[in-house]
Every structure is written in structure tokens, then in C-alpha cells.
Amino acid sequence: MSQSTDAIVKTLKAKGLRVTPQRFAVYANLLSRNDHPTVEQLLVDLNQYCPVSSQATIYSSLQALRSAGLIREVLLEAGVSRYDAIVEPHHHFHCQQCGAIEDIGWDELPVVAFDRLRAGLKAQTYETTVRGYCERCSQSD
């Protein structure tokens, strides 16, 4: 999902965000990957060659990007926030052994029938996390 520098700048501006080097770097990094990184993983990646971002700056950038609807926070494990630049509805597969995360297309799983919920519950949305073992971990048994 990699985008050009101009496209990223245009997207940030279109959402009313000021284009700072750190905000640009966080968004570009998220667009270039599909592993749903944590803040700590982003910090390591962004500071790998030259320390330019603090953890507070990354949190601030993530909050601005999330508020603008450009990224979403994904909670696949208790107490661990991960971030995803794919904001369209989709599900996730989470490997219980190595921790790998893979997107599952929205239409690849059956639709949840909200009309089957008990009276009084008003569901708005959902997503499914499938837990199991990826090919690599399944083969190591």
C-alpha cells in the first residue's frame, strides 16, 4: 500500500492535518507495512538510522492520524495497541505462537446477523479476530 511522498502530503492536507516530518514519517511507515506495529515497533523503525522521534511524538502523530480517519487502532491482545493504515472494514488472523498478524478480507468470513442479538442490544459494527497458527508455526509441530 506504499504511496508517493506527494500523495501522502496531499492526503494529510486533505484531512486538515499539518504536515510535520514526524507525522509524515509515521503515516508513511504505516502505509508501507501490513504487520500492525505497536508504538514501540514504530519508534525503533523511525529512529533506526537517525533519532528523530520520541515515543510521545509518535503517540501524538498516531492520535492525529486516527482522529482524521487515516489509521485505526487494532486491539488483538490484551493491553497491546497496534496500528493499521487500512481503515476499510476487515478481519484479522493472529498466530498464537509467533504473533504474526494477517488481514482477512471482509467478505471472506460470514456476516454476523445483528437481528439475532437479544432485544435491547443495538450493534453498530464488529470485526473478527481469528486465532490459530500460521503456516510456519503449523509446520514446526
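What share of the 141 residues in the protein chain is buried? Buried residues make up 32% of them. Keep in mind as you look around that this is a predicted model.

Let's start with the overall layout. The protein chain has 5 helices and 5 strands. If you follow the sequence from start to end, the pattern reads α-α-α-α-β-β-β-β-β-α. Put a box around the C-alpha atoms, lined up with the principal axes, and you get roughly 50 × 45 × 25 Å.

The chain is also divided into two parts: domain 1 covers residues 5-84, and domain 2 covers 91-139. Going by C-alpha atoms, the centres of domain 1 and domain 2 are 24 Å apart. The two do meet, with 9 residues of domain 1 in contact with 7 residues of domain 2. As for contacts across the whole chain, take those between residues at least 6 apart in sequence: 45% of them join residues at least 24 apart.

Now for the outside. The accessible surface of the chain is about 9,000 Å², and carbon and sulfur atoms account for 51% of that. There are 14 positive and 16 negative side chains, and the centres of these two sets sit 10 Å from each other.

Time to zoom in on helix α3, which runs through residues 39-46 and has Val39, Leu42 and Leu46 as buried residues. Viewed down the axis of α3, those buried residues fall within an arc of 60°, so they line one face of the helix. Some background helps here: an α-helix has 3.6 residues a turn, so residues three or four places apart point the same way. And what sits over the buried residues of α3? The cover includes α2, α4 (55-67) and β2 (80-84).

Helix α2 is a good next stop. Its buried residues are Arg23, Val26, Tyr27, Asn29, Leu30 and Leu31. These pack against α1 (5-14), α3, α4 and β2. Let's pick one of them, Asn29, and find it in α2, which spans residues 21-31. Is Asn29 buried or exposed? Its relative accessibility is 12%, and buried means under 20%, so Asn29 counts as buried. Setting aside neighbours within four places in sequence, Asn29 is in contact with Leu42, Asp45 and Leu46. You've already met two of those names, since Leu42 and Leu46 are among the buried residues of α3.

Between α2 and α3 there is a loop, and His36 is in it. With a relative accessibility of 1%, His36 counts as buried. There's something else to spot about His36: its phi is positive, about 55°, although His36 is not a glycine.

Our last stop is another loop, the one between α4 and β1 (72-77), where you'll find Ala68. Ala68 has a relative accessible area of 16%, which makes Ala68 buried too. Which residues does Ala68 touch, if you don't count those up to four places away in sequence? They are Lys15 and Leu17. Along the chain, Ala68 and Lys15 are 53 residues apart, yet their C-alpha atoms are separated by 6.0 Å. Try locating both in the structure above and tracing the chain from one to the other.

Terms used. Residues are numbered from 1 along each chain as its sequence is written. This is a predicted model: local features need pLDDT of at least 70, side-chain atom pairs count only at pLDDT 80 or more; totals for chains, interfaces and linings use all residues. Side-chain values use heavy atoms; hydrogens and water are left out. Helices (H or I, at least four residues) and strands (E, at least two) are DSSP runs, numbered from the N terminus. Buried means under 20% relative accessible area, exposed over 50%, partly exposed in between (1.4 Å probe, protein chains only). Contact means heavy atoms within 4.5 Å. Accessible areas come from the Shrake-Rupley method with a 1.4 Å probe; for residues, only the protein chains shown count as cover. Lys and Arg count as positive and Asp and Glu as negative; His and the chain ends are not counted. The place of a charge is taken as NZ of Lys, CZ of Arg, CG of Asp or CD of Glu. The arc is that of the directions from the helix axis to the C-beta atoms. Domain bounds come from an automatic or database domain assignment.
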